[in-house]
Amino acid sequence: MKIKFKGITLISTLAILVLGLPVIAAAADAPVIDTGDTAFMIICAALVMIMTPGLALFYGGMVRRKNVLGTIMQSFTAMALVSVQWVLIGYTLGFGADIHHLIGGLDFLGMQGVTGNPFPAYAATFPHSVFVFFQLMFAIITVALISGAFAERMRFPVFVVFVLLWTTLVYDPLAHWVWGVDGWLRNLGALDFAGGTVVHISSGVSGLVACLVLRGRRQIGVEPMVPHNLPMTMLGAGLLWFGWFGFNAGSALGASGLAGAAFLVTNTCCAAGAISWAAAEWLHHGKPTALGLASGMVAGLVAITPAAGFVSTGSAILMGIIVGPLCYFAVSKMKAKLGYDDSLDAFGIHGVGGIFGALATGVLANTAVNPAGVNGLLFGNPYQLLVQLIAVVATIAFASTLTFLILKVISLFAPLRVSEEEEETGLDISQHGEDAYYYGEMSSMQI
Amino acid sequence: MKKIEAIIRPAKLEELKAALEEIGVRGITLYEVKGRGLQGNEKQYYRGQEHSIDLFPKVKLEIVCHDESVENIISQILKTCKTGKKGDGKIFVYPVERIIRISTREEGGAAL
């Protein structure tokens, strides 16, 4: 009798362990999964994923041929490292239960408590696990974006440590401030639809700090540092444009009318940015360049990121028209004047474009587009511009200070930069022992 | 025997090959080279940063021939490769001491 009772207990315990918590949760009055939203969010998350390989190609084409693998490796390494960091600790620091409006608690440490059920705070109609994945893709691309600022000179082991520290100490808290329930910038009412401050301002200013701490490439101004494969860059830009649909439309967190609105303004602002950058260059130097068109596309996408879902299509065109020449000025004039070596213009495009986008959101936000949003300056609410400014300043201050400290601490243990000889050889061979374009000892020979 | 070296515009290569074929000259060796001379600098812009390009792609070809063919070959090169603008290239003529065909060990005129 007693043995039999023990057996039943054992079997039921095993059943609970194997079948897991969903069995119990389903019995309670659980929120229902919407299959449309779920399918949409999985596809959007996958779209955002392709942005990082796109970024790898975008950046890879812009460096010299001896650094192309080293540059592509940095984006792909971010994908690998952050993917593991996120499920262990990153997600819970960003989206765990709020602690003092500054950071998430450890409730979801190692994915404990994350199930396939909806999670009302963030994912009311689709699985919590899909929300985790969607947000992970944002964390990956943010740290990968920074790599453009210090391209062609950081040691690979330093990059690995930098990625892990930066994503944990900068990205995760920032994501909590802006998107976490009870995060202080969210409570303040800052509008950031898809990550203008969290993703673009933070990566842009961190890039600026990193390139100042590392200093410029040794041969800058002596030998030409021109892109080695612009078709590769154009392909990367195309993938970024494509993936950004998931980034912005997916930030509606459901297959809704809002997602449709965000989708349309994303494409519109990207196109207007491409046109305005190319036009500015055409007027300035007499020729529109392919790199300029691609850069304008990215600048347009950066600008609309915080605003998508809050602004009208007309506003998207206006933002695109302004952001192209603005970023063109930043990379062609301001950078040369101030003399920092932001190799691939992570700050010039993501920092400058992101700051513009965040402030423009405070001007052009319109509740006619999204009743859940607020009006901006142009629609009678000047206070919103102030809120946006506070979010921008806080992001800049936090990201730049932490980036500076992280790099200074790493530099106590190891040199940040490759040696002069390694820099001359290139990252591909010095850091990875590979040659991207090996055609035999004599490249013209058909061996 | 003489060696004629000609530096020409890459776009003129096919025309020159045909013109040489016309006068029975088949053997040529060519290199893709870069060089500078009278042709002015060309400006390129990457994100608004100016890069001045002063080395231009050219084709350099070598023809070894009998002394009496030299003028004929030169006139074919001048006929096909001249645009009259800076950057058309140059022709150099050198004496050749010895010629050996590797496959048959023939020497001198027979090796041409």
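Biologist: Where in chain B is Arg9(B) found?

Modeller: This is a predicted model, in which local features need pLDDT of at least 70, side-chain atom pairs count only at pLDDT 80 or more, and totals for chains, interfaces and linings use all residues. Residues are numbered from 1 along each chain as written, chains are lettered from A and ligands numbered from 1 in written order, and side-chain values use heavy atoms, leaving out hydrogens and water. Helices (H or I, at least four residues) and strands (E, at least two) are DSSP runs numbered from the N terminus. Arg9(B) is found in the loop between strand E1 (2-8) and helix H1 (13-22) of chain B.

Biologist: Is Arg9(B) buried or exposed?

Modeller: Buried means under 20% relative accessible area, exposed over 50%, and partly exposed in between (1.4 Å probe, protein chains only). Arg9(B) has 18% relative accessibility, so this residue counts as buried.

Biologist: Which side chain does Arg9(B) join in a polar contact of 2.7 Å?

Modeller: A polar contact is a pair of N or O atoms within 3.5 Å; within protein, one must be able to donate a hydrogen and the other to accept it, and residues adjacent in sequence count only if both atoms are side-chain atoms. Contact more broadly means heavy atoms within 4.5 Å, and beyond four places in sequence Arg9(B) has contacts including Gln39(B), Lys58(B) and Thr83(B). The polar partner at 2.7 Å is Asp88(B).

Biologist: How many salt bridges are there over all chains?

Modeller: Side chains of opposite charge can pair when their charged atoms come close. Here a salt bridge is a side-chain nitrogen of Lys or Arg within 4 Å of a carboxyl oxygen of Asp or Glu. Searching the whole structure on that basis gives 19.

Biologist: Which residue forms a salt bridge with Glu152(A)?

Modeller: Glu152(A) sits in the loop between helix H5 (128-146) and helix H6 (156-179), and its partner is 65 residues away in the loop between helix H8 (196-214) and helix H9 (230-249). Glu152(A) counts as buried at 2% relative accessibility, and the partner is buried too at 7%. The closest N and O atoms are 2.4 Å apart, and the partner is Arg217(A).

Biologist: What is the N to O distance between Asp345(A) and Lys335(A)?

Modeller: Asp345(A) lies in the loop between helix H12 (313-338) and helix H13 (346-364), while Lys335(A) is in helix H12, ten residues apart. Asp345(A) is buried at 4%, as is Lys335(A) at 11%. Their side chains meet in a salt bridge at 2.9 Å.

Biologist: Where is the kink in H4(A) centred?

Modeller: A straight helix of 28 residues would span 40 Å (1.5 Å times one less than the number of residues), but H4 (68-95) of chain A spans only 35 Å between its end C-alpha atoms. The bend at a residue is the angle between axes fitted to the seven residues ending there and the seven starting there. The kink is about 70 degrees, centred on Trp86(A).

Biologist: Which helix gives the most to the largest nonpolar core?

Modeller: A nonpolar core is a set of buried Ala, Val, Leu, Ile, Met, Phe, Trp, Tyr and Cys residues joined through side-chain atoms within 4.5 Å. The largest has 127 residues, and Phe58(A) and Tyr91(A) are among those with the most contacts inside it. With 14 residues, the top contributor is H5(A).
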